[in-house]
Amino acid sequence: MSFVAAFNALPIPDLLRRAAEADASDVRRILASGPRTLPDFAALLSPAAAGHLETLCLKAQTVTQQRFGKVIRLFAPLYLSNECVNNCAYCGFSRDNGILRVTLSVDDVVREARALCDQGFRNILLVAGEHPKFVSNGYLRECIEAVHAFVPSISLEVGPMETADYVPLVHAGADGLVVYQETYDREIYARMHTAGPKRNFDWRLECPERAAAAGFRRLGIGALHGLADWRLEALATAAHAQYLLKHCWKSMLTLSIPRLRPCAGEFQPLTQLGDREFVQLIAAFRLLLPDVGIVLSTREPAALRNGLLPLGVTHASAGSHTEPGGYTGAGRDSIHQTVRGRIVELAAHSSEWAPIEGRATNATGQFDIADDRAPSEFADLIRSLGYEPVWKDWDSALSA
Amino acid sequence: MSSGPLTIAGRSFSSRLFLGTGKFPSPESMRDALAASGTQMVTVALRRADLTGSKDPYANILEFVDPSKYLLLPNTSGAMNAAEAVRLARLAVAAGLPKWVKLEIHPDPRFLLPDPIETLAAAEQLVKEGFVVLPYINADPVLAKRLEEVGTATVMPLGSPIGSHRGLQTRDQLRIIIEQATVPVVIDAGIGAPSHAAEAMELGADAVLVNTAIAVASDPNRMAGAFRQAVEAGRAAYEVGLGEVRDTASPTSPLTAFLN
């Protein structure tokens with residue numbers, strides 16, 4: 001039995017009704033006792049709970065500080081490749097988008113990782129599109145080994161694999177795995193994912209369990225907001241988290257709450273998660289799941305990030321680039337287009353080679369970031385809020 | 001009568017309050033709180049520190065703990081099994097840290113409860129290698145005896161889960177551990193208020209270890225001072241001996257006075 005069976009049995013319509021109909025007295029009672037169940041959590045997502053946002057945030061702050069301390073752990077994504085065999089309506093890397101692609105060589109990856117290391121990062125998330133030809137398991141293992149020689153903590157965000165395929169990656173030094181379900185609404189999932197192995201909803205849903213079985217110590221899950229109703233996504237994510245806490249009890253769990261950003265393909269969000277609701281959601285997650293890390297990325301603008309840091313967030317990225325080679329220009333001479341899995345070289349004098357101001361490479365990013373502050377500037381901001389930016393929270397000896 | 005300073009592995013400590021270094025809002029505030037607490041033993045998570053000898057400015061927590069003032073007690077937090085804990089402890093020594101280790105093995109990152117089987121195995125190995133081992137354990141009296149037998153310098157049973165501020169939820173088990181112990185008993189984890197620390201000391205604990213309650217206080221310095229006083233008060237009360245707790249009043253003119 002996996003989470004798929006538990007997910008299929010979730011009484012989503014009942015929970016959504018609860019999220020719609022909970023009244024102020026329900027909310028006050030749950031805030032006083034602390035949410036324990038999914039119906040409690042649903043009530044904290046309600047419009048009635050929005051009227052208690054300040055109380056919700058105060059409680060979330062207290063719980064977070066007690067459990068995690070006055071610290072924010074920093075990490076950065078490092079994109080290895082933007083090749084992909086999937087078509088996902090909302091993603092810039094989609095197979096049929098005519099973007100500029102590249103897969104960094106292992107030396108290029110080391111160059112990028114060294115640049116991040118020089119900025120302070122000791123925790124790096126390696127990200128790649130799903131493409132067995134360009135992003136093979138052997139390639140991933142080589143990248144991990146090379147980076148782990150000088151970076152203590154490495155997580156992966158790559159296409160889902162079998163447990164047996166994850167094991168060598170754990171042995172190579174990866175300690176975390178991030179896999180977002182994107183949407184927990186099966187019907188919308190089917191509409192969004194029109195080609196490639198990602199069409200298999202259940203295979204993806206079971207991925208964190210396979211990763212835990214392979215020995216990953218940290219698991220990251222989440223929904224991409226902007227596809228389905230945010231309350232539905234929140235309820236399913238919370239159920240998923242509760243399941244993983246029980247069944248994968250040796251893994252530290254983190255939640256991300258990414259909201260769709262502009263990207264190649266010009267996809268328009270199908271739903272909205274407004275800023276106030278976003279804050280309400282973070283606080284509600286914190287109260288239901290006091291021990292789960294909450295990740296804040298550079299998808300969100302600076303002012304909002306500043307406000308969110310003391311409200312329940314535990315992990316944040318900074319200075320991120322979503323294009324392979326974005327930190328140093330590594331691989332910029334190898335950019336190309338990919339048609340039906342084959343590389344199509346750019347013409348020698350094509351305008352696509354022309355340097356773009358402020359960018360190290362012309363490879364296409366996954367999405368536009370909204371907070372472009374340098375890591376050091378962001379770290380100073382964290383300090384000014386009375387928190388310590390923590391760069392190293394893991395030692396290689398623990399994942400060797 | 002005072003029983004004198006606490007001695008662990010031949011080293012004396014006049015303060016019976018040990019401090020952790022996680023969760024502080026800045027390394028400077030941590031340094032100041034250590035000073036205000038009067039502590040002489042400070043534990044640092046090795047996973048936060050630079051063990052490569054490169055003086056990493058992004059992992060410089062050790063630079064804020066003055067080794068001339070404090071015994072620096074490396075801890076193995078993050079280790080999930082004996083092999084990882086032993087590896088970390090060896091690395092710490094190679095990096096020039098004291099050959100003392102607070103052995104923490106919690107495979108469960110949520111409640112951070114210690115694994116008794118792995119802890120015993122690691123303790124045995126590290127003692128053999130000459131480490132002074134201070135194991136963090138659940139309040140299990142039999143495990144405490146087993147650890148003593150393999151040669152640990154203390155036992156460090158928890159009052160309640162790390163960071164929970166719930167105080168001595170394991171009080172009855174702690175009482176047995178203290179009564180039976182032949183090594184110092186340090187109550188670690190769950191101590192959320194100075195009154196909890198005083199209670200632990202009154203119970204006969206040799207020391208307490210506090211972290212979250214000081215680190216996340218709005219004024220860590222004053223809270224460190226409050227814990228210092230509580231530990232001293234509790235210890236003094238223990239040494240003097242508390243009066244018996246009764247269900248009824250005790251008349252100052254005894255009923256049997258006429259017999260004298």
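## Starting point

A pocket, as the word is used here, is an open set of grid points with protein on both sides within 12 Å along at least five of seven lines. With that in hand, welcome to a tour of a predicted model, starting with its open spaces.

## The pockets

By that definition, the second largest pocket holds about 430 Å³ of space. It is lined by 24 residues, and the ones closest to its centre are H321(A), E323(A), R359(A), F367(A) and D368(A). Sorted by class, this lining has nine nonpolar, nine polar and six charged residues.

The largest pocket has a volume of about 900 Å³. Its lining counts 28 residues, with R36(A), V63(A), L287(A), P290(A) and D291(A) closest to the centre. Four helices of chain A, namely α3 (24-33), α6, α13 (230-247) and α14 (275-288), each give at least two residues to this lining. Which element supplies the largest share of the lining of the largest pocket? That is α6(A), with four residues. In terms of class, the lining of the largest pocket splits into 13 nonpolar, six polar and nine charged residues.

## Where the chains meet

Now to the two chains. Chain A brings 30 residues to the contact and chain B brings 34. About 2700 Å² is buried between chain A and chain B, and carbon and sulfur atoms account for 51% of that area. On the side of chain A, Q66(A), K392(A) and L398(A) stand out: they supply 22% of the area that chain A buries against chain B, more than any other three residues.

The polar side of this interface is worth a look too. There are 18 residue pairs in polar contact across it, counting pairs with both residues at pLDDT 80 or more. The elements of chain A that give two or more residues to the side touching chain B are α6 (53-68), β13 (388-390) and α17 (396-399). Of these, α6(A) gives the most, with four residues. The side of chain A that touches chain B is made up of 12 nonpolar, seven polar and 11 charged residues.

## Salt bridges

How many salt bridges does the rule find across the interface of chain A and chain B? There are five. D291(A) forms a salt bridge with R110(B), where the closest N and O atoms are 3.2 Å apart. D291(A) may look familiar, as it is also listed among the residues closest to the centre of the largest pocket.

Over all chains, the structure holds 29 salt bridges. One pair within chain A is R259(A) with E300(A), whose closest N and O atoms are 2.7 Å apart. R259(A) lies in the loop between β8 (252-256) and α14 of chain A, and E300(A) lies in the loop between β9 (293-296) and α15 (302-308), so this pair ties together parts that are 41 residues apart in sequence.

## The closed spaces

Finally, the cavities. The structure holds four of them at 30 Å³ or more, and the largest has a volume of about 1100 Å³. Residues of both chains appear in its lining: of the 49 lining residues, the closest to the centre are R73(A), R47(B), S77(B), H106(B) and L112(B).

Elements of both chains take part as well. From chain A, α6 and β1 (71-81) each supply at least two residues of the lining of the largest cavity, as do β4 (41-45) and β10 (207-210) from chain B. By class, the lining of the largest cavity divides into 19 nonpolar, 16 polar and 14 charged residues.

How values were computed: Residues numbered from 1 in each chain as written. Chains lettered and ligands numbered in written order. Predicted model: local features only at pLDDT ≥ 70, side-chain atom pairs only at ≥ 80, totals over all residues. Heavy atoms only, no water. Contact = heavy atoms within 4.5 Å. Buried area = accessible area lost by both parts, 1.4 Å probe. Salt bridge = Lys/Arg side-chain N within 4 Å of Asp/Glu carboxyl O. Polar contact = N/O pair within 3.5 Å; in protein donor to acceptor, adjacent residues only side chain to side chain. Nonpolar A, V, L, I, M, F, W, Y, C, P; charged D, E, K, R; others polar. 1 Å grid on protein atoms, 1.4 Å probe; cavity = no way out; pocket = protein on both sides within 12 Å on 5 of 7 lines; lining within 4 Å. Points joined across faces, edges and corners; volume = space filled by probe spheres on them.
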